[in-house]
Amino acid sequence: MLSPITGKEMEVKKEWRKMDYRKETFNILFHSWYCVDSKEEFEDEAFAELNYNQVVNQYREKYNIPFPEDIKNIREQYNLPAIRMAHVLGFGDNTYRQYETGEMPTQANARLIQMAADPNKFLEMLHLSDLQDDKQYAKVKSNAEKLSKQQVSNYELILGRFFGEKLRDRFTGFSLPDFTKFKEMVLFFITDHDVWKTKLNKMLFYADFANYKYHHRSISGARYCPIDMGPVPDNFNTLFEILVNEKVLDISYQIFSDGGVGEKYSPLKSFDESLFTPDELEIMRNVKERLKNISTQNVIELSHQEKAWSENRTNKSQPIDYTYAYELSLL
């Protein structure tokens, strides 16, 4: 970006700053353009959005406030219009719709929305509401009763244990952990390209963290931990084993001269790009193109240069904060 003062190219400046939101102070990695000659800083629209999102994401995490898409999903599971959902919860006519489009709920309203995600609690709210006189009441009640009877499968319990609970925070890149998208990311990176498991782990890391860097959310919601060979998805061995058992992947082994055993995956299913946004697909393509012709050892060395690994390497059990995405050197 050119300086409006000198007309020269400016530098990107990153520094930790405190910013206030709703009478609270949060620490964020503030991004701005810096004019070297005039020593002036400028915040364009993209940086303003990036800085703001860091603040509001931390606020949502601190008070466990659902994100707009979660708020919308809670309502849609009952097939209820936004204005009727607002009435069930005791909100103003347009309040729920405003929350779905990005307005931050109050902490009290956030708790009610979270309670409504539970069909049994929602049925209690529905009974106490004035919707009983509405023609939609019977249909909504039936939808909630069906949901309340559904049992969580053993498979979902396994994924919840090894891939992560349905929780957005700085360790999931403020995306809900989504094993289906994770599976499709794996298929994308191994399709038309031989990939060893160690390298695949780095490709997944770079894709999720690069998407957070540029779009403020991870792709899969996976948590990553810093093992000796670089960042990897938490519980990656179990996750890949699930995909092999599901016949999503085929696995082959190679014994190396040093006695080590390498694992390589090939796809047994086609990649489904419909689950991804154009921005996510672009990030994944960039990562694949950048790393596909680099040896596994060199990819490990690249990942060791990232602060996400070097500043967390001594605590292998602690997930890596996605804030380190802003320091990525590869992309």
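**Group meeting: a walk through the predicted chain**

Confidence in this chain is lowest in helix α8, residues 154–162, where the mean is 70, and highest in helix α12, residues 278–291, where the mean reaches 97. What we have on the screen is a predicted model, and over the chain the mean pLDDT is 91, with 95% of the residues at 70 or more. As a general caution, where pLDDT is low the predicted coordinates should not be read in detail, and I would ask you to keep that in mind when your eye falls on α8, with its mean of 70.

Let me begin with the sheet. Three strands make up an open sheet, in the order β1-β2-β3, and the pairing is antiparallel. The strands β1 and β3, the latter being residues 40–42, stand at the edges with a single partner strand each, so one side of each has no neighbour in the sheet. From one strand to the next, the twist averages 50 degrees.

Taking the pairs in turn, strand β1, residues 11–21, is joined to strand β2, residues 24–35, by eleven bridges, and within this pair K13 stands opposite S32 of β2. The two strands form a hairpin with two residues between them, and in that turn R22 has a positive phi of about 50 degrees. On the other side of the pairing scheme, β2 and β3 are joined by three bridges and again run antiparallel, with E41 in β3 as the bridge partner of Y34. Packed on this sheet is helix α1, residues 45–63, which touches β1 and β2 and whose direction makes about 165 degrees with that of β2.

Now to the helices. In helix α2, residues 68–76, the buried residues are P68, D70, I71, I74 and R75. Seen down the axis of α2, these fall within an arc of 165 degrees, so they line one face of the helix. What covers them? The cover includes α1, α3 (82–89), α4 (95–100) and α5 (107–116).

Helix α11, residues 236–245, can be read in a similar manner, its buried residues being F236, L239, F240, I242 and L243. They span an arc of only 150 degrees around the axis, which puts them on the same side of α11. In general terms, an α-helix has 3.6 residues a turn, so residues three or four places apart point the same way. Just after α11, K247 takes a positive phi of about 60 degrees.

I would like to finish with I320, which is found in the segment after α14 (307–310). Is I320 buried or exposed? Its relative accessible area is 0%, so I320 counts as buried, the cut-off being under 20%. Which residues does I320 touch, once its neighbours within four places in sequence are left aside? They are R170, F171, F209, Y224, C225, P226, P231, A308 and N312. One of these contacts, C225, is itself buried, with a relative accessible area of 5%. As for the distance back to the hairpin strands, I320 and N27 are 293 residues apart in sequence and 17 Å apart in space, C-alpha to C-alpha.

That leaves the cysteines. C35, at 2% relative accessibility, also counts as buried. How many disulfides does the structure hold? The number is zero.

Key:
Residues numbered from 1 in each chain as written. Predicted model: local features only at pLDDT ≥ 70, side-chain atom pairs only at ≥ 80, totals over all residues. Heavy atoms only, no water. Pairing = 2+ DSSP bridges. Helix = DSSP H or I, 4+ residues; strand = E, 2+ residues; numbered from the N terminus. Disulfide = S-S within 2.5 Å. Buried < 20%, exposed > 50% of the residue type's maximum accessible area, 1.4 Å probe, protein only. pLDDT = per-residue confidence, 0-100. Arc of directions from axis to C-beta. Contact = heavy atoms within 4.5 Å. Axes fitted to C-alpha atoms, helices over the stretch in contact; angles between N-to-C directions.
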